[in-house]
Amino acid sequence: MSEPAIGVLISGGGTNLQALVDACRAGVIPGRIALVVSDQPGAFGLQRAEKAGIPTRILPRREFPGPAAHDQAILAALEEAGVVLVCLAGYMRILSDEFVRHFRGRLLNIHPSLLPAFPGLHVQRRAIEAGVRFSGATVHFVVEAVDAGPIVLQAVVPILQDDTEDTLARRILAQEHRIYPQAVRWFLQGRLTVTAGRVVIREADETPGAALVQPPLDGP
Ligand code: GRF
C-alpha cells in the first residue's frame, strides 16, 4: 500500500514544512508530502520543497478573479495530488468556507499561541504586551471560524522578562517543529477523533495496516 499523501500550504519561509519533510523522511510521519502549494512565488519554502524533490504549485491570488476561484484552484490541485490530509504551514490567507468544508476533519493548522488565547496576527507581540507569563504553539483542526477549531496538541513556552517579539517567536517556532509532526503522525495513525468539539487521542493501534482512519468531526 502506498503511503498516504499530504498536501502542505505555505506563504513564507517554510520551517514547519521542513519539519514535516524531515519527519516523513525519518519515518516519524507515516506518509509522504505529495504537493506543496504557495500563494507567494518568492516563498523560501518552495526551495525547501524542491530540494526535497516534492512537487510544487505556485498559485498567486492575483491570477484569479477572486478568493473563491483561488481557493477552488488550490482545492483542485490538492485533489489531483490525492491528498488525505492538508497542513497549513504559515499559509497567510483565510480559506473560504467551501474549502474548509471540503477538507473538514482533514485540515490542520499550526498557530503560534496557546489558543484560544491570541488568535489572528502578531500574536507574539500581543502576548508580550498583555503581560502573560506563558505562550506557546497550537496544532488544531481548521473550521470556518479563524483559529477556532478543535485543538490537537499544544506546547507551552515561557515568556521571559527581556523577550522581544523575535526572540519569543523563535522559541515558539522550535516547539512548533516538535508538535506539528507529532500531530500529523497521530492523524495518519488514525488516532484522532473529535467529540463535542474536543479532540480525543486514542491509544496506538498496533495492528498492521491500521493506519489512516478519518477522524469524524461532529460540528464546529
Ligand atoms: C509559524 O509561526 C506558524 O505558526 C504561523 O506562521 C509561521 C510560519 O513559519 N502560522 P514557517 O513558514 O513555517 O517558518
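Visitor: Which residues are around the ligand?
Guide: This is a predicted model. A residue belongs on the list if one of its heavy atoms lies within 4 Å of the ligand. The residues around the ligand are G13, G14, T15, N16, G90, I110, H111, P112, L173 and E176.

Visitor: How many Å separate a polar side-chain atom of T15 from an oxygen atom of the ligand?
Guide: A polar contact needs a pair of N or O atoms within 3.5 Å. N16 has one through a polar backbone atom, 2.8 Å from an oxygen atom of the ligand. For T15, a polar side-chain atom and a ligand oxygen atom are separated by 2.5 Å.

Visitor: Which residue has a backbone N or O atom 3.1 Å from a nitrogen atom of the ligand?
Guide: T15 and N16 each sit beside an oxygen atom of the ligand, T15 through its side chain and N16 through its backbone. The ligand nitrogen atom in question has a backbone partner at 3.1 Å, and that partner belongs to I110.

Visitor: What share of the ligand's accessible area does the protein cover?
Guide: Start from the ligand on its own. It has 370 Å² of accessible area. Of this, the protein covers 80%.

Visitor: How many salt bridges does the model have?
Guide: The rule asks for a side-chain nitrogen of Lys or Arg within 4 Å of a carboxyl oxygen of Asp or Glu. R61 and D71 satisfy it, with N to O at 3.5 Å. By this rule the count is nine.

Visitor: Where do R61 and D71 lie?
Guide: The two are ten residues apart, and their pair links distant parts of the chain. R61 is in the loop between β3 (56–58) and α3 (67–80). D71 is in helix α3.

Visitor: Is D71 buried or exposed?
Guide: The cut-off for buried is under 20% relative accessible area. R61, its salt-bridge partner, is at 17% and so is buried. D71 is at 2%, so D71 counts as buried.

Visitor: Which residue forms a salt bridge with E98?
Guide: Both partners lie in helix α4 (residues 97–102), three residues apart, about one turn of the helix. E98 is exposed, at 51% relative accessibility. Its partner is partly exposed, at 45%. The closest N and O atoms are 3.7 Å apart, and the partner is R101.

Visitor: How many residues apart in sequence are the parts tied together by E144 and R104?
Guide: The closest N and O atoms of E144 and R104 are 4.0 Å apart. E144 lies in the loop between β6 (134–141) and β7 (151–158), and R104 in the loop between α4 and β5 (107–111), so the pair ties together parts separated in sequence by 40 residues.

Visitor: Which residues are linked with E144 in a network of salt bridges?
Guide: One bridge joins E98 to R101. Another joins E144 to R104. The network linked with E144 takes in E98, R101 and R104.

Visitor: Which element gives the most to the largest nonpolar core?
Guide: The largest nonpolar core has 44 residues. Those with the most contacts inside it are I6, V8, I33, V152, Y180 and V184. With nine residues, the element giving the most to this core is α6.

Visitor: What is I33 in contact with, leaving aside its neighbours within four places in sequence?
Guide: I33 is among the core residues with the most contacts. Contact here means heavy atoms within 4.5 Å. Its partners are I6, V8, L17, L20, V21, C24 and I54.

Key. Residues are numbered from 1 along each chain as its sequence is written. This is a predicted model: local features need pLDDT of at least 70, side-chain atom pairs count only at pLDDT 80 or more; totals for chains, interfaces and linings use all residues. Side-chain values use heavy atoms; hydrogens and water are left out. Helices (H or I, at least four residues) and strands (E, at least two) are DSSP runs, numbered from the N terminus. Buried means under 20% relative accessible area, exposed over 50%, partly exposed in between (1.4 Å probe, protein chains only). A nonpolar core is a set of buried Ala, Val, Leu, Ile, Met, Phe, Trp, Tyr and Cys residues joined through side-chain atoms within 4.5 Å. A polar contact is a pair of N or O atoms within 3.5 Å; within protein, one must be able to donate a hydrogen and the other to accept it, and residues adjacent in sequence count only if both atoms are side-chain atoms. Accessible areas come from the Shrake-Rupley method with a 1.4 Å probe; for residues, only the protein chains shown count as cover.
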